[in-house]
Amino acid sequence: FVTVGAAGSIAEMMSTAPALFFFSCVQVVCHLSFTLLAGKWLGLAKADLLIASNANVGGPTTAAAMAASKGWKSLVVPAMLTGVLGYAVATFAGVAFGYSVIAKLPLT
């Protein structure tokens with residue numbers, strides 16, 4: 001995952017699609033804020049919440065790498081499982097949503 005983003009340039013992104021960059025930032029900030037607030041309200045550990053958020057935003061590989069780099073060895077496997085479960089659920093939810101939108105479009 002490092003090599004994919006290594007060639008990226010924030011300056012080029014800002015000049016090409018600034019609205020997309022800011023929209024992505026708002027999404028990630030809102031997601032993390034909601035996760036941390038809900039987790040605090042439910043009394044969950046901050047490490048668990050950060051790994052869960054990373055697994056949802058970045059996928060299983062980045063979440064596992066974060067858990068390993070922070071020394072949270074007990075969270076590496078849950079990070080992978082949470083990320084893969086997110087892929088599985090989101091794939092079917094996305095396809096179902098796509099079909100429902102297409103079904104409402106007028107046919108020409």
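This report walks through the fold, the core and the cysteines of the structure above.

Keep in mind that this is a predicted model. Its secondary structure amounts to 6 helices and 0 strands, and reading along the sequence gives the pattern α-α-α-α-α-α. The protein is more spread out than a compact globule, because its radius of gyration is 17 Å, well over the 13 Å that the globule rule gives for 108 residues. The C-alpha trace spans about 55 × 35 × 25 Å along its principal axes.

A few totals help to fill in the picture. Of the 108 residues in the protein, 16% are buried. The accessible surface is about 8,000 Å², and carbon and sulfur atoms contribute 75% of that area. As for contacts with a separation of 6 or more, 33% join residues that are 24 or more positions apart.

Where do we find the largest nonpolar core? It consists of 7 residues: Ala47, Ile51, Ala55, Ala63, Ala67, Leu75 and Ala79. Helix H4 (46–58) and helix H5 (60–69) are the elements that give two or more residues to this core, and H4 gives the most, with 3 residues. Leu75 is a good member to click on in your viewer. Setting aside its neighbours within four places in sequence, Leu75 is in contact with Ala47, Asp48, Ile51 and Ala67.

Toward the start of the chain, Ala17 sits in the loop between helix H2 (10–16) and helix H3 (18–42). The C-alpha atom of Ala17 is separated by 29 Å from that of Leu36, a residue 19 positions away along the chain.

Now for the cysteines. How many disulfides does the structure hold? The count is 0. A disulfide is a covalent bond between the sulfur atoms of two cysteines. Why does Cys25 not form one? The closest cysteine sulfur, in Cys30, is 11 Å from the sulfur of Cys25, which is too far for a bond; the cut-off for a disulfide is 2.5 Å. Seen from the other side, Cys30 is likewise in no disulfide, with the sulfur of Cys25 as its nearest cysteine sulfur.

The table lists the relative accessible area of three residues discussed here, including both of these cysteines.

| Residue | Relative accessible area | Class |
|---|---|---|
| Ala17 | 22% | partly exposed |
| Cys25 | 34% | partly exposed |
| Cys30 | 47% | partly exposed |

Ala17 counts as partly exposed because its 22% lies between the 20% limit for buried and the 50% limit for exposed.

Methods. Residues numbered from 1 in each chain as written. Predicted model: local features only at pLDDT ≥ 70, side-chain atom pairs only at ≥ 80, totals over all residues. Heavy atoms only, no water. Buried < 20%, exposed > 50% of the residue type's maximum accessible area, 1.4 Å probe, protein only. Helix = DSSP H or I, 4+ residues; strand = E, 2+ residues; numbered from the N terminus. Rg over C-alpha atoms; globule rule 2.2 N^0.38 Å. Contact = heavy atoms within 4.5 Å. Areas by Shrake-Rupley, 256 points an atom, 1.4 Å probe, with all protein chains shown as cover. Core = buried A, V, L, I, M, F, W, Y, C linked by side-chain atoms within 4.5 Å.
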